[in-house]
Amino acid sequence: MAETDEPEKKRGRVVELTEKMVVDGDGRSTCDWEDRWNHIKKFLERSGPFTHPDFEPSTESLQFMLETCKILVIGAGGLGCELLKDLALSGFRNIHVVDMDTIDVSNLNRQFLFRAKDVGRPKADVAADFINSRVPGCCVVPHFTKIQDLNETFYRQFHIIVCGLDSIVARRWMNGMLLSLLVYEDGVLDPGSVIPLIDGGTEGFKGSARVILPGMTACIDCTLEFYPPQINFPMCTIASMPRLPEHCIEYVRILLWPKEMPFGDDVALDGDDPEHIQWVYQKSLERAAEFNITGVTYRLTQGVVKRIIPAVASTNAVIAAACATEVFKMASSAYLPLNNYMVFNDVDGMYTHTFEAERKENCSACSQIPLDLHFSPSSKLQEVLDYLTESASLQMKSPAITTTVDGKNKTLYLQSVASIEQRTRPNLAKTLKELGLADGQELAVADVTTPQTMLLRLCFTS
């Protein structure tokens with residue numbers, strides 16, 4: 001008897017909750033049935049041993065989360081799907097999500113908001129639709145675009161930003177954007193201009209979560225050495241002595257693609273375009289056969305081209321939960337936030353550790369002190385470029401260097417535009433003195449790692 005009654009009770013409960021739902025003019029369910037937020041109220045409407053010293057229990061914190069607090073989630077992949085689910089079920093209703101990717105079959109084993117029928121569709125759109133249909137009252141707004149295509153006005157509207165990215169360049173760009181929104185009055189930071197950034201990252205069975213208060217705590221660029229180095233192979237090995245299947249793929253990606261331009265002039269290799277990957281795959285097979293190398297597959301080719309990081313669903317869940325918890329603490333002010341970096345590792349057993357990453361006084365991103373470049377007048381511009389890309393504290397990708405000489409703007413080197421790169425390439429072999437640069441001269445450096453042009457000062461050494 002009990003076995004047959006239980007399903008009926010559950011169905012009755014679902015019908016009861018459904019009948020209580022109210023639909024607004026936009027067709028979204030906005031109801032809150034009885035006891036819906038009891039699990040949240042236990043944290044917000046009574047004090048506890050771990051609450052913030054200044055926290056006063058009330059009903060206002062929950063109302064702020066439900067009605068006012070606006071959250072931006074960057075990335076709708078493995079971490080992003082978990083984050084959207086956790087935030088929606090924690091009482092956050094006003095959520096935006098940004099992602100530039102479309103759904104691939106390989107995503108379906110861990111990015112649980114997607115189904116086979118969604119392959120090819122934008123991740124942001126599908127994730128938003130799923131959450132909005134599954135969590136009554138939640139409104140997730142998707143943005144199928146690059147973070148770089150959104151302006152300051154867009155980012156300024158959010159109370160908290162959460163990153164679930166696999167790109168260090170994108171992290172650094174987002175870090176730079178939030179730093180550019182800070183307001184200083186007589187050199188003193190206005191706390192009202194600070195938008196907290198909560199960053200999560202995973203790689204296999206390892207992960208990390210961190211809380212960044214731009215201008216107040218260590219930023220992304222303060223801790224670049226924490227991130228795993230990007231795997232790069234020596235050019236001589238790629239070009240002359242390949243030994244691994246990855247060497248063959250890199251040969252095609254770096255040398256053959258720009259030489260043959262298989263899809264037309266100035267068409268960049270797109271790791272999300274199946275035709276591009278297929279071409280690289282076939283050429284890599286030919287290269288591998290020439291040197292008797294085995295192991296080149298389509299999947300490996302895509303992984304090398306896109307720099308795909310291995311992902312484990314359970315690790316994503318742990319790190320996303322940690323990040324969502326920090327969002328809850330920051331939004332409610334009920335509990336002290338993470339201070340400020342947590343690492344997680346379950347490769348062998350399980351290990352977690354929390355520590356405070358400290359700000360660098362001379363951080364190129366968040367420091368108010370101009371960064372000095374120490375070179376002799378006889379140093380070549382190539383040496384300056386190498387320092388910008390190889391220095392542990394800068395790690396730029398393709399810096400463009402300009403300055404002012406005799407009151408006129410002068411482009412010293414720009415790599416991203418082929419015609420300008422060809423015209424400015426001879427400058428790399430010239431000395432700083434030959435280029436007309438002087439001690440104390442400011443160089444304006446632009447790079448994909450930051451939305452703002454960075455001013456660096458030349459300091460000549462003897």
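User: What makes helix α4 (residues 78–89) roughly antiparallel to β1?

Analyst: Helix α4 lies across β1 (70–74), β2 (94–98), β3, β4 and β7, and runs at about 165 degrees to β1. Angles go from 0 to 180 degrees between N-to-C directions, with axes fitted to C-alpha atoms, for helices over the stretch in contact. Over 145 counts as roughly antiparallel, so α4 qualifies. Mind that this is a predicted model: local features need pLDDT of at least 70 and side-chain atom pairs 80 or more, while totals for chains, interfaces and linings use all residues. Numbering starts from 1 along each chain as its sequence is written, and side-chain values use heavy atoms, without hydrogens or water.

User: Why are α9 and α11 called oblique to each other?

Analyst: Their axes come within 10 Å and cross at roughly 60 degrees. That value escapes every other bin (under 35 roughly parallel, 65 to 115 roughly perpendicular, over 145 roughly antiparallel), so the pair is oblique. The contact (heavy atoms within 4.5 Å) involves Pro 245, Glu 246, Ile 249, Glu 250 and Arg 253 of α9, plus Leu 300, Thr 301, Val 304 and Val 305 of α11.

User: How do you know that β12 and β13 pair?

Analyst: Pairing takes at least two DSSP bridges, and 5 join β12 (residues 400–405) to β13 (residues 408–413), which run antiparallel. Thr 402 has Thr 411 as its bridge partner.

User: What makes β3 and β10 edge strands?

Analyst: The open sheet's order is β3-β2-β1-β4-β7-β8-β9-β10. β3 (139–143) and β10 (351–355) each have a single partner strand, so one side of each lacks a neighbour in the sheet.

How values were computed:
Helix = DSSP H or I, 4+ residues; strand = E, 2+ residues; numbered from the N terminus.
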